[in-house]
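Dear colleague,

I am passing on to you the structure we spoke about, with the sequence and the coordinates placed just below. After them come my notes on what was found, arranged by topic so that you can follow each point in the viewer.

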Amino acid sequence: MARPSSSSYASRPSVAITARATSREAINNALRNAKVATEDDDAISYAFDKGDITPVTHTNASKTPFDPELLPSGQLSLSLISIQGFWTGFALAASLITAPQLAYSGNGLWRFFAFLGSLSLFHFLEFWTTARFNTPAAQASSYLIYSNGTAYNIAHTCAAFEILLSHFLFPRWQGWLSGPFVATIGLAVVILGQAVRSTAMATAGTNFNHIPQQARKEGHQLVTEGIYGVSRHPSYFGFFWWALGTQLLVGNKLCLVAYALVLWKFFSDRIRGEEKKLIEFYGKEYESYRAKVPTGIPFI
């Protein structure tokens with residue numbers, strides 16, 4: 001094979017120098033021809049470092065629009081949203097790992113982690129579904145972790161205590177009527193309730209509100225298609241059966257009865273009051289819809 005001549009080696013430094021000089025000249029010309037940004041605009045400077053051009057953007061932070069609701073004390077608090085997202089995800093992951101292992105080994109504490117996982121997924125989906133399908137209404141409280149009322153928090157605290165007390169002090173009580181068959185039914189009811197509620201929120205979109213509206217908003221529509229053609233209050237149907245399913249799943253007898261009574265009374269009153277407003281908003285259209293579509297909650 002023929003070797004390159006010495007002249008080819010000698011010519012390479014000059015070629016490199018010429019290329020670098022050409023590159024530097026092009027850069028200098030670009031800089032001289034660049035427009036100078038005004039005081040209110042972002043200023044862009046370029047640094048020449050070892051043949052590379054590095055853009056550096058200097059933002060005039062004092063002139064950037066800022067929503068105070070994004071602060072920790074605001075309704076759109078980014079810090080609070082991130083903290084709730086982190087802990088719901090952490091609790092869900094821990095539950096998905098721990099509950100099956102404990103159940104497989106015959107340790108009844110799997111029930112506590114199954115309940116924790118159900119709660120974590122519910123609260124995460126409350127925020128995610130709102131943020132995805134009803135973006136204008138999404139805020140830190142959309143997780144419903146701290147904004148769903150004192151009674152809600154007391155109910156779930158009592159359920160967790162029943163699991164733990166039954167496991168450590170009354171294992172026979174916990175094992176009564178709470179075998180694999182009942183737990184499987186409970187899991188199926190939890191999945192059904194969660195799926196229906198999340199689907200209802202997604203279907204309604206911006207027409208969905210966690211808080212019943214006292215006045216009809218501009219553009220608000222009566223949603224009757226999809227899951228709303230099966231239940232006229234599918235989000236309530238979903239939560240009602242999801243909550244009862246969690247108690248079947250974990251084998252809580254006292255809280256199962258208490259949940260059923262309290263939730264039935266709550267949704268009975270709430271639906272009655274909400275439908276009065278819906279009749280005011282939509283008149284005969286809603287009356288006709290109500291006559292044809294049930295709620296899916298017994299005797300309501």
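**Salt bridges**

At a relative accessibility of 13%, Arg232 counts as buried. Please keep in mind while reading that this is a predicted model. The partner of Arg232 is Glu275, and the two form a salt bridge in which the closest N and O atoms are 2.5 Å apart. Because Glu275 lies in helix H8 while Arg232 lies in the loop between H6 and H7, the pair ties together parts of the chain that are 43 residues apart in sequence. Glu275 counts as buried as well, at 5% relative accessibility.

A second bridge joins Glu126 to Arg197, with 2.7 Å between the closest N and O atoms. This pair, too, links distant parts of the chain, since Glu126 belongs to helix H3 and Arg197 to helix H6, 71 residues apart. Both Glu126 and Arg197 are buried.

Asp269 and Arg272 offer another case, their side chains meeting in a salt bridge at 3.3 Å from N to O. These two residues are 3 apart in helix H8, and so are separated by about one helical turn. Asp269 is partly exposed, at 36% relative accessibility, and Arg272 is likewise partly exposed, with a relative accessible area of 47%. Salt bridges that share partners also join Arg232, Glu275 and Arg290 into one network. The count of salt bridges comes to 6.

**Aromatic residues**

The count of aromatic pairs comes to 18. One of them is formed by Tyr152 and Phe239, a tilted pair with 6.2 Å from centre to centre and 35° between the planes. Tyr152 lies in helix H4 (residues 150–168) and Phe239 in helix H7 (residues 234–250), so this pair ties together parts that are 87 residues apart in sequence. Tyr152 and Phe239 are both buried, and they belong to one aromatic cluster that also contains Phe122, Tyr236, Trp242, Phe266 and Phe267.

Two charged side chains are placed over rings. Arg132 lies over the face of Phe133, at 4.7 Å from the ring centre, and Lys253 lies over the face of Trp173, at 5.6 Å from the ring centre.

**Nonpolar cores**

The largest nonpolar core has 26 residues, of which Phe115, Phe239, Trp242, Tyr259, Leu263 and Phe267 touch the most other members. The elements that contribute two or more residues to this core are helix H3 (110–133), H4, helix H6 (180–204), H7 and helix H8 (253–282). H7 gives the most, with 8 residues. Leaving aside neighbours within four places in sequence, Leu263 is in contact with Phe239, Phe240 and Ala243. Apart from the largest core lies another, of 13 residues, among them Met201, Ala204, Tyr228 and Tyr282.

**Cysteines**

What stands between Cys158 and a bond to the closest cysteine sulfur? The closest one is in Cys255, and at 5.8 Å from the sulfur of Cys158 it is too far for a bond. Seen from the other side, Cys255 is in no disulfide, the nearest cysteine sulfur being that of Cys158, 5.8 Å away. Cys158 is partly exposed, with a relative accessible area of 40%, whereas Cys255 counts as buried at 8% relative accessibility. The count of disulfides comes to 0.

**A serine in a loop**

Ser178 is found in the loop between helix H5 (171–175) and H6. Is Ser178 buried or exposed? With a relative accessible area of 5%, Ser178 is buried. Its contacts, leaving aside neighbours within four places in sequence, are with Arg111, Gly251 and Lys253. Lys253 in that list is the residue already described as lying over the face of Trp173.

If you look at one site before the others, I would suggest the aromatic cluster, where Phe239 and Trp242 can be found, and where Phe239 and Trp242 are also among the residues of the largest nonpolar core that touch the most other members.

With best wishes

Technical notes: Residues are numbered from 1 along each chain as its sequence is written. This is a predicted model: local features need pLDDT of at least 70, side-chain atom pairs count only at pLDDT 80 or more; totals for chains, interfaces and linings use all residues. Side-chain values use heavy atoms; hydrogens and water are left out. Rings of Phe, Tyr and Trp (its six-membered ring) pair if their centres lie within 6.5 Å; planes under 30 degrees apart count as stacked, over 60 as edge-to-face and the rest as tilted. Helices (H or I, at least four residues) and strands (E, at least two) are DSSP runs, numbered from the N terminus. Buried means under 20% relative accessible area, exposed over 50%, partly exposed in between (1.4 Å probe, protein chains only). A charge sits over a ring if NZ of Lys or CZ of Arg is within 6 Å of the ring centre and within 35 degrees of the ring normal. A nonpolar core is a set of buried Ala, Val, Leu, Ile, Met, Phe, Trp, Tyr and Cys residues joined through side-chain atoms within 4.5 Å. Contact means heavy atoms within 4.5 Å. A disulfide is a pair of cysteine sulfur atoms within 2.5 Å. A salt bridge is a side-chain nitrogen of Lys or Arg within 4 Å of a carboxyl oxygen of Asp or Glu.
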